[in-house]
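Grab a pencil and have a look at the structure below. Try each exercise yourself before you read the solution.

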Amino acid sequence: MPITVTSRDGVLTIALSGEIDHQVARDMMDAITDAIAERLPARLVLDLSGVTFMDSSGIAVLLRARRQMSHTGGTVTVTAIPAQARRVLDAAGVGRLISFD
């Protein structure tokens, strides 16, 4: 479950990579939850540029991050979405809930 966390000026950027499926989703959710709780950012940017595959478990990861950020009054933006992941997110209508950049 490769993730990279960086924080600067109230913006927490988390870069996800590899496959986001049911086998790694829970660990990703826990890592994202911990990073948000430790830093309490005003804005969370999830960088998906390194994601090679995403299924509905990836949607759950993004929605959990959104829910946690909404509890702290912060926002979420998803960036660098690969084509396959974009199809999954678009089919589920996630763009109505989370900002895509």
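Here come some exercises on a predicted model, each with a worked solution.

**Exercise 1: the sheet**

Work out in which order the strands of the open sheet are arranged, and which strands are the edge strands.

*Solution.* Start with the order: 5 strands make up the open sheet, and they go E1-E2-E3-E4-E5. Next, look for strands that pair on one side only; these are the edge strands, E1 (3–8) and E5 (99–100). Finally, check the directions, and you'll find that the pairing is mixed.

**Exercise 2: parallel or antiparallel?**

Go through the strand pairs E1 with E2, E2 with E3 and E3 with E4, and say in which sense each one runs.

*Solution.* Take them one at a time.

- E1 and E2 run antiparallel and are joined by 6 bridges. Here Ser-7 sits opposite Leu-12 in E2.
- E2 and E3 are parallel, with 9 bridges. In this pair Glu-19 faces Phe-53 in E3.
- E3 and E4 are parallel too, over 5 bridges. You can spot Arg-43 opposite Thr-75 in E4.

While you're at E4, check how covered it is: 4 of its 5 residues are buried, so this strand is mostly covered.

**Exercise 3: one residue, Glu-19**

Find out where Glu-19 is, what it touches and how much of it is accessible.

*Solution.* First, place it: Glu-19 belongs to strand E2. Second, list its contacts, skipping residues up to four places away in sequence: Glu-19 touches Val-24, Thr-52 and Phe-53. Third, look at the distance to Phe-53: the two C-alpha atoms are separated by 4.6 Å, although the residues are 34 apart along the chain. Last, the relative accessible area of Glu-19 is 45%, so Glu-19 counts as partly exposed.

**Exercise 4: two residues with positive phi**

Asp-9 and Ala-80 both have a positive phi without being glycine. Where is each of them, and is each buried, partly exposed or exposed?

*Solution.* Begin with Asp-9, whose phi is about 50°. Asp-9 is in the loop between E1 and E2, part of a hairpin with 2 residues between the strands. The cut-off for exposed is over 50% relative accessible area. Asp-9 has 72% relative accessibility, so Asp-9 counts as exposed.

Now for Ala-80, with phi near 50°. Ala-80 lies in the loop between E4 and H3. With 38% relative accessibility, Ala-80 is partly exposed.

**Exercise 5: helices on the sheet and on each other**

Describe how H1 and H2 lie on the strands, and then how the two helices pack.

*Solution.* Step one is the sheet. H1 lies across E1, E2 and E3 and runs at about 175° to E2. H2 packs on the sheet as well, touching E2, E3 and E4, and its direction makes about 175° with that of E3.

Step two is the helix pair. Two packed helices are described by the angle between their axes and the distance between the axes. For H1 and H2, the angle is about 15° and the axes are 9 Å apart. The cut-off for roughly parallel is under 35 degrees, so H1 is roughly parallel to H2. The crossing is right-handed.

Step three is to see who makes the contact. On the H1 side, the residues include Ala-25, Met-29, Ile-32, Thr-33, Ile-36 and Ala-37. On the H2 side, they include Ala-60, Arg-64 and Gln-68.

Zoom in on Gln-68 of helix H2. Apart from neighbours within four places in sequence, Gln-68 is in contact with Ile-32, Thr-33, Ile-36 and Ala-37. Its relative accessible area is 17%, so Gln-68 is buried.

**Exercise 6: the nonpolar core**

How many residues does the largest nonpolar core have, and which element gives the largest share?

*Solution.* Count first: there are 29 residues in this core. Those with the most contacts inside it are Ile-14, Leu-16, Ile-32, Leu-44, Leu-46, Leu-48 and Leu-89. Then sort by element: E2, H1, E3, H2, E4 and H3 each give two or more residues. H1 gives the largest share, 7 residues.

To finish, follow Leu-89. Leaving aside neighbours within four places in sequence, its contacts include Leu-48, Met-54, Ile-59, Leu-62 and Phe-100.

Technical notes: Residues are numbered from 1 along each chain as its sequence is written. This is a predicted model: local features need pLDDT of at least 70, side-chain atom pairs count only at pLDDT 80 or more; totals for chains, interfaces and linings use all residues. Side-chain values use heavy atoms; hydrogens and water are left out. A nonpolar core is a set of buried Ala, Val, Leu, Ile, Met, Phe, Trp, Tyr and Cys residues joined through side-chain atoms within 4.5 Å. Buried means under 20% relative accessible area, exposed over 50%, partly exposed in between (1.4 Å probe, protein chains only). Contact means heavy atoms within 4.5 Å. Two strands pair if DSSP finds at least two bridges between them. Axes are lines fitted to C-alpha atoms, for helices over the stretch in contact, and angles run from 0 to 180 degrees between N-to-C directions. Angles under 35 degrees count as roughly parallel, over 145 as roughly antiparallel, 65 to 115 as roughly perpendicular and the rest as oblique. A crossing is left-handed if the near helix is turned anticlockwise from the far one by less than a right angle, and right-handed if clockwise.
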